[in-house]
Amino acid sequence: MTKTLFIGLDGCTFTVLDQMTRDLPGEGLTMPFMKSVMERGVRARLRSTPNPLTPPAWCSIMTGKNPGEHGVFDFIRAEDKGGEVFWTLYDARDIDTETIWSICSRKNRSVAALNFPLTAPAPEELKGSIVPGFIPAKHLRRNTHPRELFERIKTQIPGFDPKELAWDFDKEKQAMESLSADETAKWVRYHLPREEQWFKVAEFILGNDAPELMAVMFDGTDKIQHQAWPWLDQALLPSNPQGHDKQMREVCLEYFHNLDGYIEKLVTMAGPDTQVFFASDHGFTASTFVLRINAYLEDMGYLAWAHSDGSDQAIRREASDFANLDWSKTTAYCRTPSSNGIHIRVAEKPGDPGIRPEDYTRFRDQLIVDLLALKDPDTGEQVIVEVLKREEWFAGKHMLRACDLTLVLRDHGFVSIKNLRPVVAQRPHAAGTHHPDGIFMAVGPGIPAAGEVGLRQIVDVAPTLLYSLGVSVPSDFEGVVPDTFFSPEWMAAHPVKKGAKTRASGRRALDQEMDAGEKQQIIEQLQMLGYME
Amino acid sequence: MLPADNPHLTPLIELLEDFTQDWDHEFSGEMGPDTRLLADLGFESIDIIQLVVAIQEEVVHRKLSFDRLLMKDGRYVDDLSIGQIAEYLAEHD
């Protein structure tokens, strides 16, 4: 029997959810089931990881630990080897701690995890079902765990189409390049059948296997909000949208209405005895300007661009929008837009490029001063409102792999690393970007109709799910079970059990260099996610 | 020329047969050392990422770096044959 149903909603924010659960003039009620969930349950804003980004944030949800402990900071991992920086792609083997899927499996609780990032390749010993997210259709069969699950899904779900279900990188990239009114609406519409496919898989596994922990993540919320934010944020929407605005608004409402139906069916199937939880990895808001951070670092004397010899390869390299720098003259730089952070290059030995180790503190303090000094030339406002030091925000065994400094921009946007001017440019139209506050909600037996309660932390999700399952909470989890999410009677009858520490994953990947094709692929993924300018 | 006793060739072919069994490529013959990933099997960059993971997990059981196979003289190779991969794996046993 399914004790716990966990529905992940990538990038979901109350800014959108609250309007979708209200009866709006001319639009009606888009998400009637979620309205009833909110009325019958509890909700809280959920503070994401310091850099609110899909891979580290979902890994914190899956592990109950911050990125400094689980070791996943970005889509890509880079090793600074002095004269060159090598880039590697994160996968499930890079999560350097147990996930809730493994903990449940070890405790003989059956699990299913559908569409979560960094769940492939699954550990061989995992007892449960994994259909990973962020995997192209051609590779879904081999990355589905156990392998025979894919055949079951393929043969037993009418209309199952892995090409509709999985990411189509080319299609997403094309859509990013073409932003005509018609193409943008088509791109949003492309996510409607994707979510239906994931719903069908979830429905099949829930109905046939009834895992004790059933978890599915819908990620269209994130994708649509990146591209269609002006039609989702009522503050930006015309009062009486017409033409393209109307078309975009309608397809967005259609998406959220469909999603509401899928959620209702899954919750109904799970039954009245199931506790249901919802969480997002981060929220969403409007980005209004572009900060070309490496251009600013060049102005301040920290960075030099690589010289281009004009060859085809050099031109492609420049166009790739991937930090292409003269490493011998660079002391601080941003590696990827999604990292929103600055790496300081420290010389490992005299003569190596980078600053001397003994100069680190002074150098970093001056860099912080320079970063905070940047003003928007149009408005005079501060562009970077906060600079986070890694030892204060990424404590843990992987702290040294975090950016030395993580930036918080005034509009919460992601930086650009393009070699373009001006350093700060206004966007012609607001674009969706990640906000640190996502959603955390619950409904079901033992969960009070408490409405909104105080802010929770992203690391609280994992202990909450384990508690709901009756599994002890590992003593090294950083999060806690929120007592506001359960009634006093329930907590009295079901006290939180503290357990032993999590076990070492034993799958930590060794360093590996990445080829150009892989780099380009990551760039494409980042572009489609909207992290590129 | 790939030595006949290369221990990785058969596991690689078995892996690639499984890997590509439901792909829309037009390759219909038997895979061998001369079969090329891009030209014959229709590989794209994302497929190479996945193949590297599969080789690490199922053939060599460690996270072997493939940069020296994928780059020659500062440029990325246009294609790779199964024999070249088998040879590379043998060199890094």
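Helices and strands here are DSSP runs, a helix having at least four residues and a strand at least two, and they are numbered from the N terminus. With that in hand, let us explore this predicted model through a few exercises.

**Exercise 1. Locate B:His61 and decide whether it is buried or exposed.**

Step 1: Look for the residue along chain B. B:His61 sits in the loop between helix 2 (45-58) and helix 3.

Step 2: Check its backbone. The phi of B:His61 is near 55°, which is positive although the residue is not glycine. As background, most residues other than glycine have a negative phi.

Step 3: Count its surroundings. A residue is exposed if 12 or fewer other C-beta atoms lie within 10 Å of its own. B:His61 has 9 such neighbours within 10 Å, so it is exposed.

**Exercise 2. Do the same for A:Asn340: where is it, and is it buried or exposed?**

Step 1: A:Asn340 belongs to the loop between strand 10 (332-333) and strand 11 (341-344) of chain A.

Step 2: A:Asn340 has a positive phi too, about 45°, and is not a glycine.

Step 3: The cut-off for a buried residue is 20 or more other C-beta atoms within 10 Å. A:Asn340 has 28 within 10 Å, so it is buried.

**Exercise 3. Find which residues of helix 4 of chain B are buried, and work out how they are arranged around the helix.**

Step 1: Helix 4 of chain B covers residues 82-91, and its buried residues are B:Ile82, B:Gly83, B:Ile85, B:Ala86 and B:Leu89.

Step 2: Recall a rule about helices. An α-helix has 3.6 residues a turn, so residues three or four places apart point the same way.

Step 3: Look down the axis of helix 4 of chain B. The buried residues fall within an arc of 160°, so they line one face of the helix.

Step 4: Ask what they pack against. The partners of these buried residues are helix 1 (9-19) and helix 3 (67-70) of chain B.

**Exercise 4. Describe how helix 10 and helix 11 of chain A are placed relative to each other.**

Step 1: Choose the quantities. Two packed helices are described by the angle between their axes and the distance between the axes.

Step 2: Read them off. The axes of helix 10 (residues 181-209) and helix 11 (residues 220-228) of chain A come within 10 Å and cross at roughly 175°.

Step 3: Interpret the angle. Angles over 145 degrees count as roughly antiparallel, so helix 10 and helix 11 of chain A are roughly antiparallel to each other.

Step 4: Name some residues that make the contact. Among them are A:Trp187, A:Val188 and A:His191 of helix 10 of chain A, and A:Lys223, A:Ile224 and A:Ala228 of helix 11 of chain A.

**Exercise 5. Which domains of chain A give residues to the largest nonpolar core?**

Step 1: List the domains. Chain A is divided into domain 1 (4-74 + 88-282 + 436-499) and domain 2 (289-429). Their C-alpha centres lie 32 Å apart, and 12 residues of domain 1 are in contact with 17 residues of domain 2.

Step 2: Turn to the core. The largest nonpolar core has 136 residues, and those touching the most other members are A:Ile7, A:Leu114, A:Ala202, A:Cys252, A:Ile439 and A:Ala462. Its largest share, 10 residues, comes from helix 12 (residues 243-270) of chain A.

Step 3: Draw the conclusion. Domain 1 and domain 2 of chain A both give residues to this core, so it lies between them.

Step 4: Zoom in on one member. Beyond its neighbours within four places in sequence, A:Cys252 is in contact with A:Val188, A:Ile224, A:Ala228, A:Trp231 and A:Leu232.

**Exercise 6. Find two prolines of chain A that follow a cis peptide bond, and say where each is.**

Step 1: Start from the background: most peptide bonds are trans.

Step 2: A:His145 and A:Pro146 are joined by a cis bond with omega about -10°. A:Pro146 lies in the loop between helix 6 (140-143) and helix 7 (147-156) of chain A.

Step 3: The bond from A:Arg421 to A:Pro422 is cis as well, with omega near 0°. A:Pro422 lies in the loop between strand 13 (405-409) and strand 14 (424-435) of chain A.

**Exercise 7. How many residues of helix 17 of chain A are buried?**

Step 1: Buried residues of helix 17 of chain A include A:Val461, A:Pro463, A:Leu465 and A:Tyr467.

Step 2: In total, 8 of the 9 residues of this helix (residues 461-469) are buried, so helix 17 is largely enclosed by the rest of the structure.

Step 3: Continue past its end. Just after helix 17 of chain A, A:Gly470 takes a positive phi of about 80°.

Technical notes
Residues are numbered from 1 along each chain as its sequence is written. Chains are lettered from A and ligands numbered from 1 in the order in which they are written. This is a predicted model: local features need pLDDT of at least 70, side-chain atom pairs count only at pLDDT 80 or more; totals for chains, interfaces and linings use all residues. A nonpolar core is a set of buried Ala, Val, Leu, Ile, Met, Phe, Trp, Tyr and Cys residues joined through C-beta atoms within 7 Å. Domain bounds come from an automatic or database domain assignment. Two residues are in contact if their C-beta atoms, placed from the backbone, lie within 7 Å. The arc is that of the directions from the helix axis to the C-beta atoms. Axes are lines fitted to C-alpha atoms, for helices over the stretch in contact, and angles run from 0 to 180 degrees between N-to-C directions. Angles under 35 degrees count as roughly parallel, over 145 as roughly antiparallel, 65 to 115 as roughly perpendicular and the rest as oblique.
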